[in-house]
Amino acid sequence: MGQLKMTLGVQSDYEWKLPKTAAEVIELSRKYSEFEAGRLPGSRLPAPSLAQIRDAQVKAEAGQTAAQEGEVARSRSSVIFHNTMTEATPLLKTAIDELLWKYRADLGALEDWGLPVRQGARGKFLVTKPKNISQYTAFLSRYVAQEASLPEADRITNPPLATLQALAATAQQHDAGRTAGQTTRIQGT
């Protein structure tokens, strides 16, 4: 690890084996810095200078640290987001059932809650329910916003709006945390 190898190739050409990971590159720069620092100033390689190598090494280490911290943050937020949506999904299914019952005579009103309605065969209207976590997340946000805009007497009582508001806030916070952690990880690499 952390070595730059040059071997004589099959057809008498030189083959270079370069470090493949960031850790190997950083280790190679450390070894190079130590080697160059041990030489007399007049016998050091002029380019790249020892100062340039050390500066690049510091930046690479900072980037690697940022990438690791970003991945940890992304992972933690991802787990919390997943757990939150796992808790919210059965409640949202109950909310959909309640909405379908309450607005059975006017299914078009369900569009306000984020449930698309389309006309099917034989003139029937079909409500498209969320199928995956991202659709449930979008529905949760729309549901909470729509229910909060209604007078308390017109709201659905099962599940309680306060419960879904808390879940929506947690999901939004940790969904943003997942994205921010991923961005930090990518920028650090």
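Biologist: How many salt bridges does the count come to?

Modeller: This is a predicted model, and a pair counts here when a side-chain nitrogen of Lys or Arg lies within 4 Å of a carboxyl oxygen of Asp or Glu. By this rule, the count of salt bridges comes to 7.

Biologist: Which residues do salt bridges that share partners join into one network?

Modeller: In helix α1, R30 and E27 lie 3 residues apart, about one turn of the helix, and their side chains meet in a salt bridge at 3.4 Å, N to O. R30 also forms a salt bridge with E61, where the closest N and O atoms are 2.8 Å apart. Because E61 lies in helix α2 and R30 in helix α1, this pair ties together parts that are 31 residues apart in sequence. Salt bridges that share partners thus join into one network the residues E27, R30 and E61.

Biologist: Is T21 buried or partly exposed?

Modeller: T21 lies in the loop between β2 (14-17) and α1 (22-37). Buried would require a relative accessible area under 20%, and exposed one over 50%. T21 has 41% relative accessibility, so T21 counts as partly exposed.

Biologist: Where in α2 does a kink of about 30° lie?

Modeller: Helix α2 (residues 50-102) has 53 residues, and from its first C-alpha to its last it reaches 74 Å, close to the 78 Å expected at 1.5 Å a residue. The kink of about 30° in this helix comes shortly before the proline P90, at T89.

Methods:
Residues numbered from 1 in each chain as written. Predicted model: local features only at pLDDT ≥ 70, side-chain atom pairs only at ≥ 80, totals over all residues. Heavy atoms only, no water. Helix = DSSP H or I, 4+ residues; strand = E, 2+ residues; numbered from the N terminus. Expected span 1.5 Å × (residues − 1). Bend = angle between axes of the 7 residues up to and from the residue. Buried < 20%, exposed > 50% of the residue type's maximum accessible area, 1.4 Å probe, protein only.
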